[in-house]
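The following questions and answers examine how the strands of a predicted model are arranged. Please consult the sequence and the structure shown below.

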Amino acid sequence: NSHMKASDSELDDNEITSSPQREKWCGHQFLFKFQGFWFTKTYLETTKRVVETLKPLTGDVILASFPKTGTTWLKAILHSILHPSPQHQNHPLALNHPQELVPSLETNLYVDKGTELDGGYKNPEFLAVKDPQEARILATHIPYQILGDILNSSDCKVVYVTRNPKDTLVSLWHFLQKSSDVEKDPWEVGAAVDQFCRGVVPFGPYYDHVLAYRQESLNRPEKVYFLTYEDLKEKSKNHVRKLGEFLGCPFDQSEKGEEKIDEIVKMCSFETLSSVEVNKSEETSSVFPLPYSSFFRKGEIGDYKNYLEEKMIARIDSVTEEKFHGCGFMY
Ligand code: A3P
């Protein structure tokens with residue numbers, strides 16, 4: 001019996017550090033594994049809440065992405081396409097953070113903050129449809145493997161953006177440097193690379209996340225529009241035009257239509273958005289624990305070269321090759 005007890009407690013100790021269901025992450029936090037993906041405690045709860053209650057409507061647009069791949073940029077673009085607004089100082093994007101125009105399901109809308117319904121959109125009211133003609137745009141980082149059945153339960157459209165894995169990781173690493181948790185418990189770049197490669201980052205594995213949405217976009221291109229951050233940079237106008245068609249509100253094939261596309265590209269560019277007052281603010285919004293400004297850092301391709309050592313690059317590249325190249329998806 002005493003022997004049994006000893007080994008039980010060994011097991012307990014062991015479980016704390018190496019249980020396959022949870023793993024220590026930065027800021028004294030744990031990540032928890034659920035249906036093959038990793039979540040912080042809060043996002044696991046909100047993800048389950050989304051899966052239990054979300055009922056997308058025909059006409060809804062769901063912006064799906066892995067964190068740090070261009071979500072904020074797409075929020076701005078989708079909002080501009082679906083809610084056209086003349087270019088002036090009262091433009092919605094000149095006054096509001098894209099996060100406020102397009103909230104995220106599991107990080108804003110389904111976070112239970114008790115009675116503190118600040119700003120209105122944590123309020124389930126936001127999810128109520130006032131005008132059935134008006135599309136709701138809702139963002140999410142929940143993987144297709146978990147959200148797919150719900151997305152397929154209605155004729156909503158899905159836009160998925162992704163980004164090359166090294167820039168995604170470096171962007172994530174920078175983002176977390178802004179968190180007070182990391183001040184207490186640093187997340188070294190080396191540890192970040194290791195956890196990213198093993199998939200142990202919020203909403204990871206990144207590779208499984210990307211591949212499932214990509215596969216769905218190949219199966220049903222009318223339902224899922226898949227694009228990359230890099231391609232959006234290179235062919236902004238092209239994507240804005242195609243997104244208009246995809247969302248059922250094509251631009252005029254006239255000079256006027258071209259002008260509108262140009263305006264959207266300019267309004268949503270990193271240069272314009274990162275100079276908007278609210279987007280520069282060091283204040284923290286009521287719905288997210290990091291400052292508004294943390295969603296706009298550098299907005300470049302290839303910044304990973306300034307932060308990752310050769311060995312780290314080689315390790316990520318070999319995982320990328322294994323996961324992506326076999327499926328014909330290159331990075
Ligand atoms: P960097 O950290 O590499 O600068 P997300 O919105 O998914 O959280 O992604 C954030 C990344 O997108 C950050 O990348 C951020 O600077 C960049 N970004 C934000 N707005 C952008 C825009 N309008 N154009 C290009 N990149 C943008």
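Q: Over how many bridges do β2 and β3 pair?
A: In this predicted model, β2 and β3 run in the antiparallel sense. Within this pair, K33 has W38 of β3 as its bridge partner. The number of bridges over which β2 and β3 pair is three.

Q: Which residue takes a positive phi in the hairpin of β2 and β3?
A: Two residues lie between the strands of this hairpin. The positive phi there is near 50°, and the residue that takes it is Q35.

Q: Which residue in β2 is the bridge partner of K24?
A: Strand β2 covers residues 30-34 and is joined to β1 by three bridges, with the two strands antiparallel. K24 finds its bridge partner in β2, and that partner is F30.

Q: Which residue takes a positive phi in the hairpin of β1 and β2?
A: This hairpin has five residues between its strands. One residue of the hairpin has a positive phi near 65°, namely G27.

Q: Which are the edge strands of the sheet?
A: The sheet is open, and its three strands follow the order β1-β2-β3 with antiparallel pairing. An edge strand here pairs on one side only, and this holds for residues 22-24 and for residues 37-39. Neighbouring strands are turned against each other by 30° on average, direction ignored. The edge strands are β1 and β3.

Key
Residues are numbered from 1 along each chain as its sequence is written. This is a predicted model: local features need pLDDT of at least 70, side-chain atom pairs count only at pLDDT 80 or more; totals for chains, interfaces and linings use all residues. Two strands pair if DSSP finds at least two bridges between them. Helices (H or I, at least four residues) and strands (E, at least two) are DSSP runs, numbered from the N terminus. Axes are lines fitted to C-alpha atoms, for helices over the stretch in contact, and angles run from 0 to 180 degrees between N-to-C directions.
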